Amino acid sequence: MTENQAIEKLSTMIGEKRLKHTLGVRDTAIDLAKKYDVDVEKARWAGLLHDCAKRISNNLLLQRAEEFGIVIDDIYKRVPTLLHAPIGAEIAKREFGIDDVDILNAISLHTLGHKDMTTLDKIIFLADYIEPNRDCEAINQLRESIKDKSLDEAVRLACENTLKYNLEEGRVIHPQSVELRNSLISN
Ligand SMILES: Nc1ncnc2c1ncn2[C@@H]1O[C@H](COP(=O)(O)OP(=O)(O)O)[C@@H](O)[C@H]1O
């Protein structure tokens, strides 16, 4: 499938607004890949497809997770939308013909992150947070503050912002993101 064909298909799956975000993530991921010497094509495809399951309803996400053999833990049960990441990886494989494990893992980990992320995984996680179409105070500030920081520092700050947001909103927090945050603290 060409990139244009993928974009065409995606637009029917996620709608115009989410597509704009997606193209922002793709472009940001490509810039970060060049900066951190990661395969640009992998960053392009992971960025492009990271949210391909974003429009699927909670009930269908739970159903698909069963079908695909994805373990539905307690937090996934309570916040099924989190499943759009691992299910997105399955859809990228089944419907977009992606067979590269690095791309599929980056899609799967883009929302919660993971303590053992590869550089590509970190790039997609960060790109999803800082892409230019996201316009809110916390993100605008973070974009500025990470300019002179390492990738790990930037990932930690993005992760901490998401954790803080979930705390402030009184939402549950998946331990995988707490583990990611702790893995990026040196003491
Ligand atoms: N670590 C986490 N634990 C629990 N919920 C989370 C976590 N990270 C994100 N979420 C929630 O998952 C939902 C989807 O997150 P995300 O895909 O980042 O959203 P979007 O791309 O639409 O901003 C949000 O409601 C967010 O609060």
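A residue counts as exposed if 12 or fewer other C-beta atoms lie within 10 Å of its own. Glu-16 has 8 such neighbours, so Glu-16 is exposed. With that cut-off in hand, here is a friendly tour of the structure, which is a predicted model. The protein chain has 10 helices and zero strands, and the radius of gyration of the chain is 16 Å, close to the 16 Å that the globule rule gives for 187 residues, so the chain is as compact as a globular protein of that length.

**Overall fold**

- Read along the sequence, the pattern of the protein chain is α-α-α-α-α-α-α-α-α-α.
- The C-alpha trace spans about 40 × 35 × 30 Å along its principal axes.
- Of the 187 residues in the protein chain, 37% count as buried.
- If you look at contacts between residues at least 6 apart in sequence, 57% of them join residues at least 24 apart.

**Helix 2 and its cover**

- Helix 2 covers residues 40-49, and seven of its 10 residues are buried, so helix 2 is largely enclosed by the rest of the structure.
- You will find the buried positions of helix 2 at Lys-42, Ala-43, Trp-45, Ala-46, Gly-47, Leu-48 and Leu-49.
- The cover over these buried residues includes helix 1 (3-35), helix 5, helix 6 and helix 7 (119-130).

**Helix 5 against helix 6**

- Helix 5 (residues 84-96) packs with helix 6 (residues 101-108) at an angle of about 150°, and their axes are 7 Å apart.
- Angles over 145 degrees count as roughly antiparallel, so helix 5 is roughly antiparallel to helix 6.
- On the helix 5 side, the contact is made by Ala-85, Pro-86, Gly-88, Ala-89, Ala-92 and Lys-93, while helix 6 brings Leu-104, Ile-107 and Ser-108.
- Sorted by class, the residues in this contact of helix 5 with helix 6 are six nonpolar, two polar and one charged.

**Around the ligand**

- If the ligand is your starting point, the residues around it are Val-79, Thr-81, Leu-82, Thr-111, Leu-112, Thr-162, Asn-166, Arg-171, Val-172, Ile-173, His-174 and Ser-177.
- By class, this shell around the ligand holds five nonpolar, six polar and one charged residues.

**Exposed positions in helix 1 and the loop after it**

- Gly-15 has its place in helix 1, and Gly-15 is exposed, with 12 other C-beta atoms within 10 Å.
- From Gly-15 to Gln-141, the C-alpha atoms are separated by 28 Å, and the two residues are 126 residues apart along the chain.
- Glu-16 also lies in helix 1, and the C-alpha atoms of Glu-16 and Gly-113 are separated by 26 Å, with the pair 97 residues apart along the chain.
- Asp-37 is found in the loop between helix 1 and helix 2, where Asp-37 is exposed, with 8 other C-beta atoms within 10 Å.
- If you check backbone torsions, phi of Asp-37 is near 60°, which is a positive value in a residue other than glycine.

Note on methods:
Residues numbered from 1 in each chain as written. Predicted model: local features only at pLDDT ≥ 70, side-chain atom pairs only at ≥ 80, totals over all residues. Axes fitted to C-alpha atoms, helices over the stretch in contact; angles between N-to-C directions. Helix = DSSP H or I, 4+ residues; strand = E, 2+ residues; numbered from the N terminus. Parallel < 35°, antiparallel > 145°, perpendicular 65-115°, else oblique. Contact = placed C-beta atoms within 7 Å. Nonpolar A, V, L, I, M, F, W, Y, C, P; charged D, E, K, R; others polar. Rg over C-alpha atoms; globule rule 2.2 N^0.38 Å. Buried ≥ 20, exposed ≤ 12 C-beta atoms within 10 Å, placed from the backbone. Near = placed C-beta within 6 Å.
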